[in-house]
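User: Please take a close look at a single helix in this structure and at the aromatic contacts made from it. I would welcome a connected account that then places this part beside other parts of the chain.

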Amino acid sequence: MLIVPTEKQFDWQHAPFVLIALVLANILVFLLYQSNDADKAAAAIAPMVELGYVDKEWPLYQTYLAEQQRSDELFDARSWVRQGDKSRLAQSLLLDHGYYDQLQRSARSEFDYDFYLGWKEQRASLQAGFDSMSAFAFGLRATDVSVLTLLSHQFLHGGLMHLVGNMVFLIVFGFAVEAAIGHLRFLLFYLAGGMLAGLAQVVTSLGSDVPLVGASGAISAVMAMYLAVFRLRKIEFFYWILFFVGYFRAPALLILPFYIAEQVYNYYTATDSNVAFMAHAGGFLAGGLFIGVALLFDRNMLNQEYIEQNQLVSLRVQSLAAIYKAIEAFRFDYALKLTAALIEREGIDFELALIRFNLDKIKKGQHFPLSFRTLMTLKGLSPAELQVVNKFWLATDESAALLPKDEQLKLAFQFTGLTDLRGAEEILAHLFETGYKPSELGLLAAKLANRFAERRDQAKSLQYQEMGQKLNRDGRHGIV
């Protein structure tokens, strides 16, 4: 379920300086600081395997997990041992601080004295290097709460998509809130909301050593502030629920109970998820509380002129609303007609290409191949948009027949930058079978080999290294 407000448009007359600074801070922390995390992890994991520490510690770790009744983790660890995946096991050993604390107390009696002397110093060094990763150094853990980590965890993210998703929502809600309550108050409420969101997660996960990172809690506070600012004023929302999308107008506060209920429901049902649902709910409650308390002390706090200002809805938004309304009513031919008119007026972009693709896919008409090719060959896509393209490439049975081989090759190189590499693998396999451009395919195979090496998937990395070498030889000798 996705519900976001579209009432206010970005307005430089009310420039969101604090919002821009927060977004830049999150991006810079991710690029300049968190980008070193993978190297820090590798520098600790590889020696754990090479020095034999994994083999020595595995019996002790197995006993520890059994004593702690952590059966799911014990099952996973035994699977890695059977598969010979010592790197995964080493990572688990380094992640488990409770195990390491117990190991330090018992290692002297468990290991040979000569081994213990070298292990003690080197193992501590490896653990310290692993713990210097951003999530452990400045993430929020229920076992180690401080004012610093309550603040710092808000500027860390678990990956690029985590960062992009959070920043999009911060921008969507944040600029209107900052214009309505002022720069300094927005900054203070944002940071305090993130801190209370973190505390809500800590209270519901006491004893957990898993670090919490991300701006989601603070952004939930901003979302609540948006609703509290507009309160019973009817504003326009965009919604996407399962297959239904469109716009509706409703009092802002109507969304509040639905959002909190969703987070609490997910907390109790999505037990395997890494999402901090209670941090979201806590941040949301904090944001609404901040506005309520602030209004008690200063009823003129809000910029009523900005709040009451009617901003004209763009022609594009009106057209998209009409398209989504037609889709919701299952009037697919009419929706296609409206989409074609909007494309003719404004040109093609990802959203319009995706709408047309889905409509033509439903109709299974003669225009579907063109819609498919257009979506697959769009330029300048964001990682999130490219991930959607990758999903539809994999889901379309006749993908290879609908796209020229040159375009397939270009697309495969783009797919190598994604988390899901199946699209790139599928294209490479198809083009390899047809003997298409061995030298270019050799580069693609090498790229995939590097990506799987980064993931420590040695089997696939070796597979594509060998394929790349064969393709390069074939390319040099003119063999197809």
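Analyst: The account below takes helix α18 as its subject and then turns to other parts of the chain. The model is a predicted one. Its protein chain has 25 helices and three strands. Of the 480 residues in that chain, 45% are buried. Among the contacts in the chain with a separation of 6 or more, 73% are between residues 24 or more positions apart.

Helix α18 covers residues 350-363. With 14 residues at 1.5 Å a residue, α18 should span 20 Å, and its end C-alpha atoms are indeed 20 Å apart, so the expected and computed spans agree. At the N-terminal end of α18, Asp349 acts as a cap, with a side-chain oxygen placed 3.3 Å from the backbone nitrogen of Glu351. Past the other end, Lys364 comes just after α18 and takes a positive phi of about 50 degrees.

The buried residues of α18 are Phe350, Leu352, Ala353, Leu354, Ile355, Arg356, Phe357, Leu359 and Asp360. This list includes the charged residues Arg356 and Asp360 beside residues such as Leu354 and Ile355. The partners against which the buried residues of α18 pack are α16 (315-328), α17 (332-346), α19 (368-376) and α20 (383-395).

Phe357 gives a detailed view of two of these neighbours. The model contains 21 aromatic pairs. In one of them, the ring centres of Phe357 and Phe372 are 6.2 Å apart with the planes at 45 degrees, so this pair is tilted. The pair links distant parts of the chain, since Phe357 belongs to helix α18 and Phe372 to helix α19, 15 residues apart. Phe357 has a relative accessible area of 0% and is therefore buried. Phe372 is likewise buried, at a relative accessible area of 0%.

Phe357 also pairs with Phe392: the ring centres are 4.9 Å apart and the planes stand at 65 degrees, so the pair is edge-to-face. Here too distant parts of the chain are linked, with Phe357 in helix α18 and Phe392 in helix α20, 35 residues apart. Phe392 has a relative accessible area of 11%, and because the limit for a buried residue is under 20%, Phe392 is buried. The ring of Phe392 has a further partner, as the charged end of Lys391 sits over it, 4.8 Å from the ring centre.

Helix α6 offers a second case with 14 residues, at positions 97-110. From its first C-alpha to its last, α6 reaches 18 Å, close to the 20 Å expected at 1.5 Å a residue. A bend of about 45 degrees is found in α6 at Gln104. The N-terminal cap of α6 is Asp96, whose side-chain oxygen lies 3.3 Å from the backbone nitrogen of Gly98. The buried residues of α6 are His97, Tyr99, Tyr100, Leu103 and Ala107. The elements that cover them include α3 (53-67), α5 (86-95), α7 (113-131) and α8 (134-138).

Aromatic contacts also occur elsewhere in the chain. Ring pairs join Tyr53, Phe111, Phe115, Tyr116 and Trp119 into a cluster. Within that cluster, the face of Phe115 has Lys56 over it, at 5.1 Å from the ring centre.

A last pair of sites concerns a loop and a helix. Gln154 is located in the loop between α9 (147-152) and α10 (160-181). Its relative accessibility is 1%, so Gln154 counts as buried. The side chain of Gln154 reaches the backbone oxygen of Leu150 at 3.0 Å. Leaving aside residues up to four places away in sequence, Gln154 touches Asn26, Tyr190, Leu191, Gly194, Met195, Gly214, Ala215 and Ala218. Ala25 lies in helix α1 (residues 17-33). At 27% relative accessibility, Ala25 counts as partly exposed. Between the C-alpha atoms of Ala25 and Leu156 there are 9.9 Å, although these residues are 131 residues apart along the chain.

Conventions
Residues numbered from 1 in each chain as written. Predicted model: local features only at pLDDT ≥ 70, side-chain atom pairs only at ≥ 80, totals over all residues. Heavy atoms only, no water. Helix = DSSP H or I, 4+ residues; strand = E, 2+ residues; numbered from the N terminus. Expected span 1.5 Å × (residues − 1). Bend = angle between axes of the 7 residues up to and from the residue. Buried < 20%, exposed > 50% of the residue type's maximum accessible area, 1.4 Å probe, protein only. Contact = heavy atoms within 4.5 Å. Polar contact = N/O pair within 3.5 Å; in protein donor to acceptor, adjacent residues only side chain to side chain. Phe/Tyr/Trp six-rings, centres within 6.5 Å; stacked < 30°, edge-to-face > 60°. Lys NZ or Arg CZ within 6 Å of the ring centre and 35° of its normal.
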